Amino acid sequence: METVSIGGVKIEKTAVSAPMAGVCDRAQRVLVREFGAALTFGEMTSSAGIIYNDKKTPKLLMSEEDEKPFAVQIFGNNPEFMAKAVETALQYNPDILDINAGCPMPKITGNNSGSALLKEPKLLGEIIKSVVRTAGKKPVTVKIRSGWDKNSINAAETAKICEAGGAAAVTIHARTREQMYTGFADWEIIKQVKKAVKIPVIGNGDIINSEKCRQMYEQTGCDLVMVGRAAWGAPWIFKEIKTFLETGIIPEPPTLEERLEIMTRHIELLIEDKGEAVAMKQARAHIAKYLRGIRGAAAYRNMCSALTVQEDFLKLKEKIKNHIME
């Protein structure tokens with residue numbers, strides 16, 4: 001299969017897995033790689049948290065071979081802090097270092113980080129240059145949005161700043177910060193970014209199935225496509241995309257029974273990585289996603305809120321399985 005080079009890191013031209021806070025931990029990354037995701041991203045990590053040795057930080061920076069190629073994503077608004085954070089991140093040997101200039105959440109933008117940097121392109125440029133200098137041979141990428149709001153669409157100009165600062169690729173989520181995750185992504189913006197720069201462009205927004213992935217490639221000319229929320233509770237979307245791009249055939253989705261087994265593996269990976277107590281609390285949201293479209297899903301999602309140990313989950317799984325098989 002054709003590959004795209006991001007600073008020398010070869011990425012299959014299928015689909016990459018988006019960085020999603022609270023979702024793309026090790027368990028999720030292992031699963032999406034098994035199903036064919038071409039690149040995984042870690043959860044967004046605070047540069048200040050890295051510098052001040054926040055106890056959660058090492059977990060956010062670590063990766064194993066079965067998650068690679070892997071990118072660490074860091075956010076912040078201070079070029080010096082970002083550079084120092086990268087020094088630490090490099091100790092965990094990621095394949096790529098990614099700068100978040102796209103997160104729309106108020107707790108991030110309120111600190112002038114994430115997509116707030118779209119309003120300060122000069123500062124973003126300084127951050128990129130600082131990180132690139134520190135990263136050495138490790139490629140640095142940047143994730144941005146279309147703009148802050150509909151009156152300040154500046155993705156193409158921002159992408160040029162990323163390129164000038166030494167970024168090896170840019171990801172564009174084709175929504176404004178104002179849109180958050182609502183409405184529709186404007187793929188024309190991705191096309192404009194692709195025309196504006198020579199570095200690889202990764203398109204992101206509204207990729208809900210394999211056909212949408214192919215459409216984005218064709219309509220925008222982007223180099224890679226990123227899948228976000230559609231992969232939560234459905235990691236097999238990457239296999240569907242890869243198969244469709246290679247053969248033109250959309251494979252049959254997993255049966256309900258197969259879906260339950262994938263969900264079970266996800267929970268087992270969570271427990272293995274975080275221990276039963278923490279894993280089962282986090283598992284509740286994942287299980288709810290896996291149950292989308294299943295008959296009686298609403299009632300089962302309510303039951304998820306009471307899960308505290310793996311045995312409870314296995315009992316719930318059997319109840320769902322028996323219900324499905326009736």
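**A cis proline, a one-sided helix and a helix pair**

Pro69 sits in the loop that joins H3 to E6. In this predicted model, the peptide bond leading into that proline from Lys68 is cis, its omega being near 0 degrees. This loop makes a convenient starting point for a walk along the chain, since both of its neighbours, helix H3 (57-61) and strand E6 (70-75), return below among the elements that cover helix H4.

Helix H4 covers residues 79-90, and its length can be checked with simple arithmetic. With a rise of 1.5 Å a residue, its 12 residues should span 16 Å, and the C-alpha atoms at its ends are indeed 16 Å apart, so expectation and model agree. Several residues of H4 are buried, namely Pro79, Met82, Ala83, Ala85, Val86 and Ala89. Viewed down the helix axis, these buried residues fall within an arc of 165 degrees, and therefore line one face of H4. The spacing is easier to follow with a general point in mind: an α-helix has 3.6 residues a turn, so residues three or four places apart point the same way. The cover over the buried residues of H4 includes three helices and two strands: helix H2 (47-51), helix H3, strand E6, strand E7 (96-101) and helix H6 (121-135).

Further along the chain, helix H7 (residues 155-164) packs with helix H8 (residues 187-196). The angle between the two is about 35 degrees, and their axes lie 8 Å apart. Their crossing is right-handed. On the H7 side, the contact is made by Ala155, Ala156, Ala159, Lys160 and Glu163, which meet Ile189, Gln192, Val193 and Ala196 of H8. By character, the residues of this contact comprise 6 nonpolar, 1 polar and 2 charged.

Two loop residues deserve a closer look for their backbone angles. The loop between strand E9 (169-176) and H8 holds Met180, whose phi is positive, at about 55 degrees, although the residue is not a glycine. Met180 has 23% relative accessibility and so counts as partly exposed, the cut-off for buried being under 20%. Asp206 is found in the loop between strand E10 (201-204) and helix H9 (210-220). Here too phi is positive in a residue other than glycine, with a value near 70 degrees. Asp206 likewise counts as partly exposed, because its relative accessibility is 22%.

Methods:
Residues are numbered from 1 along each chain as its sequence is written. This is a predicted model: local features need pLDDT of at least 70, side-chain atom pairs count only at pLDDT 80 or more; totals for chains, interfaces and linings use all residues. Side-chain values use heavy atoms; hydrogens and water are left out. Axes are lines fitted to C-alpha atoms, for helices over the stretch in contact, and angles run from 0 to 180 degrees between N-to-C directions. Helices (H or I, at least four residues) and strands (E, at least two) are DSSP runs, numbered from the N terminus. A crossing is left-handed if the near helix is turned anticlockwise from the far one by less than a right angle, and right-handed if clockwise. Contact means heavy atoms within 4.5 Å. Ala, Val, Leu, Ile, Met, Phe, Trp, Tyr, Cys and Pro count as nonpolar, Asp, Glu, Lys and Arg as charged, and the others, Gly among them, as polar. The expected span of a helix is 1.5 Å times one less than its number of residues. Buried means under 20% relative accessible area, exposed over 50%, partly exposed in between (1.4 Å probe, protein chains only). The arc is that of the directions from the helix axis to the C-beta atoms.
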